Amino acid sequence: MAEYILMAETGSDIHQETARRYGIAVVPMHVNFGEVSRDDDSFPPEELYQSYKATGKLPQTAGCSPQDFTAAFDRVHQAHPDAQILYLAYSAATTVSFRSAHLAAEGRDYVTMIDTKAVSSGQRLIVTNVARMLQKRPDATKQQVIDFVNDQVKRIRFAFVPGDLDYLRAGGRLSNVAFLGATLLRIKPTIEVIDGKLVATTKRRGTMVKCVRQLVEDFVTREPMDLSRVNLTYTSGDAPDPQMRSTVEKILVDHGAQEIEWVKSGCVIASHSGPGSFGIAALVAGKKD
């Protein structure tokens, strides 16, 4: 029976408390303020927002380097020499992290890597579901674990509404013309992760709470969903906006949601979506036995 140590990047928004609870090794992604590089999740998003407001320059994000993974693999292997490291990666289509891990894993037969094709709370949900599975089935074979992960990857759904389109514009993901038009018309795009890529899908108009309500209602009804666990992302403050929280949770509970977890994003996610953003992650319903 092999011991497994799960690994993911900070862009999964698996913060220290959750990492300790499940024994997950978390590798830092990075946020660059000019010549100064800081580890994601080592400071709150509010500092990033304050920097952008003061300078007009949006800090740049960067994935994990080969050196980051070399240090992480060495640290875990030294502490658990008989364990298998299962690295469940932030979407390889959006960052260099997966490629960096491949370089660092050369010659390490105790490392297995799988692209979750997910980010933020979508990746978090997959990784923590795998951790729970391993707690319940410590005798699972390596192939059974891999099959479980791949099933999660196929079924994960994640969508978010940016709180401030200026961050998409500053990051080069939205033109100045599109930004101006969307702002004047109070349009908020929904961004979904499809096959690992961030894709703008539905455009909604109105207040943030109205757009989020429409997103959640569409999310839970357009295909059969497994709402036994739902991960929700917010990007500013000590807690989600109370009106948004009550609105979202009522919809979810009315549709049978059981475990609802709100998670504040780290700076990598916040830099793309800005303050006041909302994200939702859950699995499509699986086949019944």
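Two strands are taken to pair if DSSP finds at least two bridges between them, helices (H or I, at least four residues) and strands (E, at least two) being DSSP runs numbered from the N terminus. The model is predicted, so local features need pLDDT of at least 70 and side-chain atom pairs count only at pLDDT 80 or more, while totals for chains, interfaces and linings use all residues. Residues are numbered from 1 along each chain as its sequence is written, and side-chain values use heavy atoms, without hydrogens and water.

A good place to begin is the open sheet, where four strands follow the order β2-β1-β6-β7 with parallel pairing. Strands β2 (25-27) and β7 (111-118) stand at the edges with a single partner strand each, so one side of each has no neighbour in the sheet. Between β6 (residues 83-90) and β7 there are six bridges, and Tyr87 has Met113 of β7 as its bridge partner. Helix α3 (residues 66-79) packs on this sheet, touching β1 (3-9), β2, β6 and β7 (contact means heavy atoms within 4.5 Å).

Turning to helix α10 (residues 242-254), its buried residues are Met244, Thr247, Val248, Ile251 and Leu252 (buried means under 20% relative accessible area, exposed over 50%, partly exposed in between, with a 1.4 Å probe and protein chains only). These buried residues cover an arc of only 125° around the axis, which puts them on the same side of α10; the arc is that of the directions from the helix axis to the C-beta atoms. On the other side, Pro242, Gln243, Lys250, Val253 and Asp254 are exposed. The buried residues of α10 pack against α9 (208-221), β11 (225-234), β12 (259-264) and β13 (278-284). Just after α10, Gly256 has a positive phi of about 95°.

Definitions and conventions
Axes are lines fitted to C-alpha atoms, for helices over the stretch in contact, and angles run from 0 to 180 degrees between N-to-C directions.
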